[in-house]
Amino acid sequence: MADKNLAIIVLAAGQGTRMKSATPKLLHKLGGVSVVSHVLATAKQLEAAHVVTVVRHERDALVEVIEVDLPSSIIVDQDDIPGTGRAVELAIAALPAGFDGDILVVNGDVPLLDADTLRRLVSAHREDETAATILSTTLDDADGYGRIIRAADGRLDRIVEHKDASPEERDVREINAGIYVFSLAPLKQQLANLTLENSQGEKYITDVIGLLRASGAPVAAVELTESWKVEGINDRAQLARAASLLNGLIVRGWQLAGVTIIDPATTWIDLQVQLAPDVEIKPGTQLLGATVVETGAIIGPDTTLVDTEVGENAVVKRTDATLAVIGARASVGPFAYLRPGTYLDADGKIGTFVETKNARIGVGSKVPHLSYVGDATIGEGTNIGAGTIFANYDGVTKNHSVIGSHVRTGSHNVFVAPIRIGDGAYSGAGTIVRKDVPAGSLAISVAPQRNMDGWVVTNRSGSAAAIAAERSDDK
């Protein structure tokens, strides 16, 4: 149900220098989704009346993502005055004039925070009728976080940023999670009183808590026991930890939904992946993007599927596939490489050390081993011999080959595209096919074999081969 009395402010203006990356911090991915996209998805679940996203660094790249994930979000550019307090001030100014509800402030770099936790925070704020309610948690290592300083009666007194904290305050392990709910009127009043007088020279939103407290307005901190939910992303190590935590949740969710995952520690599954019950995933498997796996399929070990569809009861092992379709009961691998545009129909096979690209392989057809199939259509029930190459590129354009149904091609063939091989045709071993083969024909391109008697003894006299030849009875 929509909450007409709630506005959400997403703080996404930070530079993220500790990532040491050309990619903006909030656009790094975990679970196949950018950091800020996780936060926007959570905001969307809350169905607030308004969502305002504050941007600055790499703003165009961020806005492009925001407009896809949450088109209704109001975009606000932070000006040259630094700090979270200034960001909130600008965001509130962008809200419709008639809005007078509560303000939920979240950071764009906290991807694991869920909607239920935020709903509980908003409910606590409204039930206690406070001017501000913040989310806190306790960490064993609170280094770098703002500290929650409580009064003698246990109530929230103020928040002190790590760089401004005294040694005694740094010993406090309860930290500010950076998530706030404010009543609009007292927030606007105190935002006007923020200054830049701190070690960072910024307007801190955290200072609003102390100002509210000093004015006599009630404030509260709600402690979250699941501290991992509010862990922020500031560097690559934190990104990796968050990705691991998220992946653990995803894997467990699929296990509970009826998917067998042999080794969760070595299995990675993106958020958008869809798995049917009774799928089996073996160790060392990565299922990425919009991959879909139907019931009874066995994936892995050591397999990576990106945006790939796998049909019922198919077996895919030690395979790398991207934008491919694998039909029901098909077999792929080991050591197969399926590039975009590969379509393997039901009961088909792409075997060991086979690479395919823009290839449609029909029902029951097989490319068993040591072959390259590019820009080709293969009919039903056809067998492609070992070591076959589809020579699809003439140096200027890619050309297409069509192989009919129930064709049997010999080992070590080369098909020089564009060609067409008719239904039921055969080709001999070592054949180079340069022109079309009619249905039911045998194509060969080998010269008659010539044996030169005594060549080794004459030309390699004294060698091990010559000595063996002289001793042999097969002369």
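Colleague: What makes T382 count as buried or exposed?

Modeller: This is a predicted model, and the call rests on computed area. T382 has a relative accessible area of 1%. Buried means under 20%, so T382 is buried.

Colleague: Where is T382 placed?

Modeller: T382 is in the loop between β28 (366–378) and β29 (389–391).

Colleague: Which residues is T382 in contact with, leaving aside neighbours within four places in sequence?

Modeller: One group is G364, S365 and K366. The others are I403, G404, S405, H406, V407 and R408. Each has heavy atoms within 4.5 Å of T382.

Colleague: Why is helix α1 called largely enclosed by the rest of the structure?

Modeller: Helix α1 covers residues 35–46, twelve in total, and nine of them are buried, so the helix is largely enclosed.

Colleague: Which residues of α1 are the buried ones?

Modeller: V35, V36, S37, H38, V39 and L40 are buried. T42, A43 and L46 are buried as well.

Colleague: A41 is in helix α1 too. Why is A41 called partly exposed?

Modeller: A41 has 38% relative accessibility. Partly exposed is the range between under 20% and over 50%, so A41 falls in that class.

Colleague: How far apart are A41 and D69 in sequence and in space?

Modeller: They are 28 residues apart in sequence. From C-alpha to C-alpha, the separation is 7.3 Å.

Colleague: What follows α1?

Modeller: E47 does, with a positive phi near 50°.

Colleague: Let us turn to the domains. How is the protein chain divided?

Modeller: Domain 1 spans 3–229 and domain 2 spans 236–443. Their centres, taken over C-alpha atoms, are separated by 47 Å.

Colleague: How do you know that domain 1 and domain 2 are in contact?

Modeller: Contact means heavy atoms within 4.5 Å. By that rule, 13 residues of domain 1 are in contact with ten residues of domain 2. The area buried between the two is about 1,000 Å², and carbon and sulfur atoms give 71% of it. In domain 1, G31, L112 and W228 lose the most area to domain 2, together 40% of what that side buries.

Colleague: What is the count of salt bridges between domain 1 and domain 2?

Modeller: The count is zero. Polar contacts, however, are found across the interface: five residue pairs, both partners at pLDDT 80 or more.

Colleague: Which elements give two or more residues to the side of domain 1 that touches domain 2?

Modeller: They are β2 (29–30) and α1. By class, that side has six nonpolar, five polar and two charged residues.

Colleague: Which peptide bond is cis at P301?

Modeller: The bond from G300 to P301 is cis, with omega near 5°. P301 lies in the loop between β18 (298–299) and β19 (304–306). D302 is in the loop between β18 and β19 as well. D302 is not a glycine, yet its phi is positive, about 50°.

Colleague: Why is D302 called partly exposed?

Modeller: Its relative accessibility is 43%. Exposed needs over 50%, and buried needs under 20%, so D302 counts as partly exposed.

Colleague: What is the peptide bond from G333 to P334?

Modeller: The bond from G333 to P334 is cis, with omega near 5°. P334 is in the loop between β24 (331–332) and β25 (336–338). F335 lies in the loop between β24 and β25 too. Phi of F335 is positive, near 60°, in a residue other than glycine.

Colleague: What makes F335 count as partly exposed?

Modeller: F335 has 44% relative accessibility. That value sits between the limits of 20% and 50%, so F335 is partly exposed.

Notes. Residues are numbered from 1 along each chain as its sequence is written. This is a predicted model: local features need pLDDT of at least 70, side-chain atom pairs count only at pLDDT 80 or more; totals for chains, interfaces and linings use all residues. Side-chain values use heavy atoms; hydrogens and water are left out. Buried means under 20% relative accessible area, exposed over 50%, partly exposed in between (1.4 Å probe, protein chains only). Helices (H or I, at least four residues) and strands (E, at least two) are DSSP runs, numbered from the N terminus. Domain bounds come from an automatic or database domain assignment. Buried area is the accessible area (1.4 Å probe) that two parts lose on being put together, summed over both. A salt bridge is a side-chain nitrogen of Lys or Arg within 4 Å of a carboxyl oxygen of Asp or Glu. A polar contact is a pair of N or O atoms within 3.5 Å; within protein, one must be able to donate a hydrogen and the other to accept it, and residues adjacent in sequence count only if both atoms are side-chain atoms. Ala, Val, Leu, Ile, Met, Phe, Trp, Tyr, Cys and Pro count as nonpolar, Asp, Glu, Lys and Arg as charged, and the others, Gly among them, as polar.
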